Amino acid sequence: KRKKYSDKIKSARDKYDLSEKGRETKRMYYDSHKVEKSAYAQVRYSENKERIQGINNNWAKSNPEMVRSKWKRHADRRRLEVLQHYGGNPPSCACCGERSLQFLAIDHIGGGGNEHRRNLIKSGKIKSTSATGKAFHTWLKNSGYPDGFRVLCHNCNMADGIYGECPHKYERLTLETLHKTATRLFGSTV
């Protein structure tokens, strides 16, 4: 005698205990056996590496949009982690206070960013032809977030790189400081 579809679902639910209590029990079991599960997965992968890679490659070729979406989410998360480390939570420009993530970038304090990235590629610390974006953010995280970096918006970063200082610097000057600067630059008060 064949079981009805609903009977099959009930028996599966009972067999695998899909209730909240059952899920919690499975979570607790997994947490307490994480090391053993991880070791087993590593052994299984090493024994079947080529077959697993073939399956993964075939899946990736047939689902390119999902792969791109996954890597974009990963890169966005990594970028946000780095921006939050150097620029606070929520991250903001160290100069003008801009908070729109699309406008924020990592700046090498004191300049030298291009040379630094070239050296990272030459030394093999970054395995990329361009040490920007995801590769650079990954290097920062893996290096323990070294000192010498800050968050600036693209406008402040470009102004600092081209002119040596950002125009926002002068907006923060007090009237007294502005007077001293004008006297120093022009020899008389304005």
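1. Start with Asp-160, which sits in helix H8. This is a predicted model, so read everything below as a description of that prediction. Asp-160 comes out as partly exposed, its relative accessible area being 24%. Once the neighbours within four places in sequence are set aside, Asp-160 is in contact with Asp-107, Arg-150 and Glu-165. Two of those partners are acidic by name, Asp-107 and Glu-165, and one is an arginine, Arg-150. The Asp-107 pairing spans 53 residues along the chain, with the two C-alpha atoms separated by 9.6 Å.

2. Asp-160 and Asp-107 turn up again in the largest pocket, where both are part of the lining. That pocket holds about 230 Å³ of space. The rest of its wall includes Ile-106, His-108, Asn-114, Arg-117, Asn-157 and Gly-161, along with the run of glycines Gly-110, Gly-111, Gly-112 and Gly-113. Strand E1 (104-108), helix H6 (113-122) and helix H8 (154-163) are the elements that give two or more residues to this lining. By class, the lining has eight polar residues, three charged and one nonpolar.

3. Now for the second largest pocket, with about 160 Å³ of space. Twelve residues line this one, and the closest to its centre are Ala-105, Ile-106, Gly-133, Phe-136 and His-137. Here the elements that give two or more residues are H5, E1 and helix H7 (133-142). Its lining splits into six nonpolar, four polar and two charged residues. Worth a look on screen: Ile-106 is in the lining of the largest pocket and also among the residues closest to the centre of the second largest.

4. What about the loop between H5 and E1? Ser-92 lies there. Ser-92 counts as buried because its relative accessible area is 18%, under the 20% cut-off. Leaving out neighbours within four places in sequence, Ser-92 is in contact with Gly-87, Gly-97, Glu-98, Arg-99, Leu-104 and Val-151. Gly-87 belongs to H5 (residues 64-87), and Leu-104 to E1 (104-108).

5. On to helix packing, beginning with H2 (residues 20-32) and H3 (residues 34-47). Their axes are 4 Å apart and the packing angle is about 70°, so the two are roughly perpendicular to each other. H2 brings Tyr-29, Tyr-30, Asp-31 and Ser-32 to the contact, and H3 brings Lys-34, Glu-36 and Lys-37. That contact divides into four charged residues, two nonpolar and one polar.

6. The other pair to check is H4 (residues 49-62) with H5 (residues 64-87), whose axes come within 5 Å and cross at roughly 100°. That crossing makes H4 roughly perpendicular to H5. The residues involved are Trp-59, Ala-60, Lys-61 and Ser-62 on the H4 side, and Pro-64, Met-66 and Val-67 on the H5 side. This contact divides into five nonpolar residues, one polar and one charged.

7. Last, the chain as a whole. The protein chain has ten helices and two strands, and along the sequence they follow the pattern α-α-α-α-α-β-α-α-β-α-α-α. Buried residues make up 18% of the 190 residues, and Ser-92 is one of the buried ones. For contacts between residues at least 6 apart in sequence, 52% join residues at least 24 apart. The Asp-160 to Asp-107 contact, at 53 residues along the chain, is an example to keep in view.

Note on methods. Residues are numbered from 1 along each chain as its sequence is written. This is a predicted model: local features need pLDDT of at least 70, side-chain atom pairs count only at pLDDT 80 or more; totals for chains, interfaces and linings use all residues. Side-chain values use heavy atoms; hydrogens and water are left out. Axes are lines fitted to C-alpha atoms, for helices over the stretch in contact, and angles run from 0 to 180 degrees between N-to-C directions. Angles under 35 degrees count as roughly parallel, over 145 as roughly antiparallel, 65 to 115 as roughly perpendicular and the rest as oblique. Contact means heavy atoms within 4.5 Å. Ala, Val, Leu, Ile, Met, Phe, Trp, Tyr, Cys and Pro count as nonpolar, Asp, Glu, Lys and Arg as charged, and the others, Gly among them, as polar. On a 1 Å grid over the protein atoms alone, a cavity is a set of points where a 1.4 Å probe fits but cannot get out, and a pocket is an open set with protein on both sides within 12 Å along at least five of seven lines; lining residues have an atom within 4 Å of a point. Grid points are joined across faces, edges and corners, and a volume is the space filled by probe spheres set on the points. Buried means under 20% relative accessible area, exposed over 50%, partly exposed in between (1.4 Å probe, protein chains only).
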